[in-house]
Amino acid sequence: MALHSWLIYLIAVTGLSITPGPNTLLALTHGALHGHRKALCTIAGGAVGFIALIALSMLGISALLKAWGPALTVLKWVGGAYLIWLGIQLWRAPGVQLRPSPEMPQPRRGRMFSQGLLSAISNPKALLFYGAFLPQFIDPARSLFMQFLIMAGTFTVIEFLVEYVLARLAHRVRPWLERTGRRFNKVCGGLFAAMGAALPNS
């Protein structure tokens, strides 16, 4: 993976990670309810799930590239259109509302890990997103396995750090997110749409 492609990927992944999603909101909620140390179990479970989804996406992309040469170009354009569609959906989405109950029992760490894992792998939109997002950065002339390691590793580290920061600052971030969530969604939706329009031509 070329350095300039990785830098663009890093910026895109960082933007994606700060966009409210099931695992981000779960980490935020668990951080508020159970503390940031216990929330690490939730975040770790989500990280394992993300790696599994990226691996599945890369396997599908690899098989398609072997079967049909122009597949990567088609995937880039279809993926770009899908990212634009996601941006429009996020733009129109209502603001995030988080009202966890303080009476909730303290779960075991293993259960928190499994909740993070299931939250990641049970979202079919995530697999579709990776299928649209990853081809934008794949170089068919380079090792797909090495590119998988780089992209999965980068995504997991950034996602882990963002979720941990949110879990640690949960009590401060949650009111702000609830207050400005609609505007935040519009900014993120606009970025997604712009990314979907620009990346297939890069």
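Helix H2 is followed by Gly35. The phi angle of Gly35 is positive, near 95°. The model is predicted, and the values below are computed from it.

H2 covers residues 22-34. Its length can be checked against expectation. At 1.5 Å a residue, the 13 residues of H2 should span 18 Å. The C-alpha atoms at the two ends of H2 are 17 Å apart, which agrees. H2 is also mostly covered, with 11 of its 13 residues buried. Among the buried residues are Asn23, Thr24, Leu26, Ala27 and Leu28. The buried set also includes Thr29, His30, Gly31, Ala32, Leu33 and His34.

H2 belongs to a chain of helices. The secondary structure of the protein chain comes to eight helices and zero strands. From the N terminus on, the elements read α-α-α-α-α-α-α-α. The chain has 202 residues, and 48% of them count as buried. The chain exposes about 10500 Å². Carbon and sulfur atoms supply 70% of that exposed area. Contacts often link distant parts of the sequence: among those between residues at least 6 apart, 90% join residues at least 24 apart.

Helix H7, residues 144-168, is one partner of H2. The axes of H2 and H7 come within 7 Å and cross at roughly 35°. The crossing of H2 past H7 is right-handed. On the H2 side, the contact involves Asn23, Thr24, Ala27, Leu28 and Gly31. These residues meet Glu159, Glu163, Leu166 and Ala167 of H7. By class, the residues of this contact divide into four nonpolar, three polar and two charged. Each of the H2 residues named in the contact, Asn23, Thr24, Ala27, Leu28 and Gly31, is also listed as buried.

Helix H1, residues 3-17, packs on H7 as well. The angle between H1 and H7 is about 35°, with the axes 9 Å apart. H1 likewise passes H7 in a right-handed crossing. H1 contributes Trp6, Tyr9, Leu10, Val13, Thr14, Leu16 and Ser17. H7 contributes Ile150, Met151, Ala152, Thr154, Phe155, Ile158, Glu159 and Val162. The residues of the H1 contact with H7 divide into 11 nonpolar, three polar and one charged. Glu159 of H7 takes part in the contact with H1 and in the contact with H2.

Two phenylalanines were examined individually. Phe148 is found in H7. Its relative accessible area is 15%, under the 20% cut-off, so Phe148 counts as buried. Leaving aside residues up to four places away in sequence, Phe148 touches Ile51, Ile54, Ala55, Met58 and Gly153. One of these neighbours, Ile54, is 94 residues from Phe148 in sequence. In space, the C-alpha atoms of Phe148 and Ile54 are 7.7 Å apart.

Phe137 lies outside the helices, in the loop between helix H6 (124-133) and H7. Its relative accessibility is 6%, also under 20%, so Phe137 is buried despite its loop position. Phe137 and Ala2 are 135 residues apart in sequence. Their C-alpha atoms are 9.3 Å apart in space.

Key:
Residues numbered from 1 in each chain as written. Predicted model: local features only at pLDDT ≥ 70, side-chain atom pairs only at ≥ 80, totals over all residues. Heavy atoms only, no water. Axes fitted to C-alpha atoms, helices over the stretch in contact; angles between N-to-C directions. Helix = DSSP H or I, 4+ residues; strand = E, 2+ residues; numbered from the N terminus. Left-handed = near helix turned anticlockwise from the far one by under 90°. Contact = heavy atoms within 4.5 Å. Nonpolar A, V, L, I, M, F, W, Y, C, P; charged D, E, K, R; others polar. Buried < 20%, exposed > 50% of the residue type's maximum accessible area, 1.4 Å probe, protein only. Expected span 1.5 Å × (residues − 1). Areas by Shrake-Rupley, 256 points an atom, 1.4 Å probe, with all protein chains shown as cover.
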